[in-house]
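Q: I would like to learn how to read helix packing and nonpolar cores from a set of coordinates. Could we begin with the way helices are oriented?

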Amino acid sequence: MSAAHPSTSAPADAAAQAASGREGLAAALGAYLLWGVLPVYFKLVASVDALEILAHRIVWAVPFGVLIIALRGQRRDVWDAVRNPRTLALLATSAAFIAINWLVYIRAVLSDNIFEASLGYYINPLVSVVAGVALFGERLNRTQLISVGLAAVGVMVLATVGHGFPIISITLALSFTVYGVIRKAVPVGAMPGLFVETLVLLPVAGFYLASLIGAGTSTFGPEAPGMAVLLLLAGPVTVLPLLLFALAARRLPLATLGFVQFLAPTLQFLMGLLFGETLTLPFAICFACIWSAVCLFAFDAWRRRPQTPPT
């Protein structure tokens with residue numbers, strides 16, 4: 001009887017892994033789909049100042065985060081992060097960088113610069129590779145060098161004959177890369193980490209919103225219930241994609257996530273077209289270079305993925 005166990009458990013394990021992979025892929029697609037169509041939300045609240053939108057995003061992420069943390073049983077993870085001075089200091093620093101990233105992105109959408117924001121998230125993985133070389137002594141292979149070179153050419157085309165140096169793109173890519181580097185050094189999960197980050201930012205955001213209410217310039221109130229509901233939604237709009245991403249990261253290989261991550265900037269690019277932004281020739285050349293770099297980068301990641309031995 002005991003000899004039958006390996007033959008019966010192997011198919012069961014394979015089926016469980018396949019189911020986990022499908023769940024992970026669905027979660028990844030959901031996360032990047034939500035991030036990709038995020039400009040629609042910011043266009044709906046475009047009458048609100050970007051800084052006020054950011055403050056609402058932080059404030060309303062906290063109660064929604066409390067719910068998610070409770071449902072996932074991660075209260076101990078949050079407590080461990082808060083009471084560790086080094087972890088708390090690192091999360092406070094990462095919070096500052098993600099707040100910069102959010103604010104620049106919101107301003108980009110509100111100022112009709114979605115193309116440039118999209119470009120920032122296309123080049124972010126390439127900037128992360130360069131950061132690995134600069135900070136951790138990693139080496140670039142030939143394909144990665146070509147990818148980074150193509151991206152640099154695209155940025156230079158935009159800077160010299162286009163709309164000027166793409167400061168929005170570079171700021172988004174750099175701030176998110178620094179954020180990722182810091183979070184990589186913090187032994188805490190994605191959702192507990194984000195929750196602590198929003199807790200760190202909460203006093204500043206809450207004070208700012210209170211000052212707007214005191215001055216009578218706040219757009220959040222009973223006189224505009226529709227806008228109030230939209231601003232309340234900033235919480236789930238912020239937390240839900242990250243929760244889906246955290247679920248996907250536990251179930252999918254990094255190579256697969258590497259492919260799927262380009263869904264978000266692609267959708268953002270389409271959002272730019274939808275909202276009537278003009279795709280000028282310099283932008284077209286820049287995106288052609290970036291898309292070529294991304295294809296090479298993704299192919300290289302797929303080629304170097306760990307091979308699972310047959311069972």
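**Helix packing and cores**

A: In this predicted model, helix 5 and helix 9 are roughly perpendicular to each other, because angles of 65 to 115 degrees are classed that way. Their axes cross at roughly 80° and come within 8 Å.

Q: Which residues of helix 5 and helix 9 meet?

A: On the helix 5 side the contacts include Leu 88, Leu 91, Ala 95, Ile 98 and Trp 102. Helix 9 contributes residues including Leu 194, Val 196, Glu 197 and Leu 201.

Q: How many residues does helix 5 have, and what span does it reach?

A: Helix 5 has 26 residues and reaches 37 Å between its first and last C-alpha, close to the expected 38 Å. At its N-terminal end, Asn 84 acts as a cap, with a side-chain oxygen 3.0 Å from the backbone nitrogen of Arg 86. Just after the helix, Asp 112 adopts a positive phi of about 60°.

Q: How should one read a nonpolar core, and which residues have the most contacts inside the largest one?

A: In soluble globular proteins, nonpolar side chains tend to be buried together. Here the largest nonpolar core has 52 residues, and Phe 42, Val 45, Tyr 105 and Leu 172 have the most contacts inside it. Helix 5 supplies the largest share of this core, 11 residues. A second, separate core has 22 residues, among them Phe 115, Val 155, Val 294 and Phe 297.

Q: Beyond neighbours within four places in sequence, what is Val 45 in contact with?

A: With those neighbours set aside, Val 45 contacts Ile 53, Met 227, Leu 230 and Leu 231.

Methods:
Residues are numbered from 1 along each chain as its sequence is written. This is a predicted model: local features need pLDDT of at least 70, side-chain atom pairs count only at pLDDT 80 or more; totals for chains, interfaces and linings use all residues. Side-chain values use heavy atoms; hydrogens and water are left out. A nonpolar core is a set of buried Ala, Val, Leu, Ile, Met, Phe, Trp, Tyr and Cys residues joined through side-chain atoms within 4.5 Å. Buried means under 20% relative accessible area, exposed over 50%, partly exposed in between (1.4 Å probe, protein chains only). Helices (H or I, at least four residues) and strands (E, at least two) are DSSP runs, numbered from the N terminus. Contact means heavy atoms within 4.5 Å. The expected span of a helix is 1.5 Å times one less than its number of residues. A polar contact is a pair of N or O atoms within 3.5 Å; within protein, one must be able to donate a hydrogen and the other to accept it, and residues adjacent in sequence count only if both atoms are side-chain atoms. Axes are lines fitted to C-alpha atoms, for helices over the stretch in contact, and angles run from 0 to 180 degrees between N-to-C directions. Angles under 35 degrees count as roughly parallel, over 145 as roughly antiparallel, 65 to 115 as roughly perpendicular and the rest as oblique.
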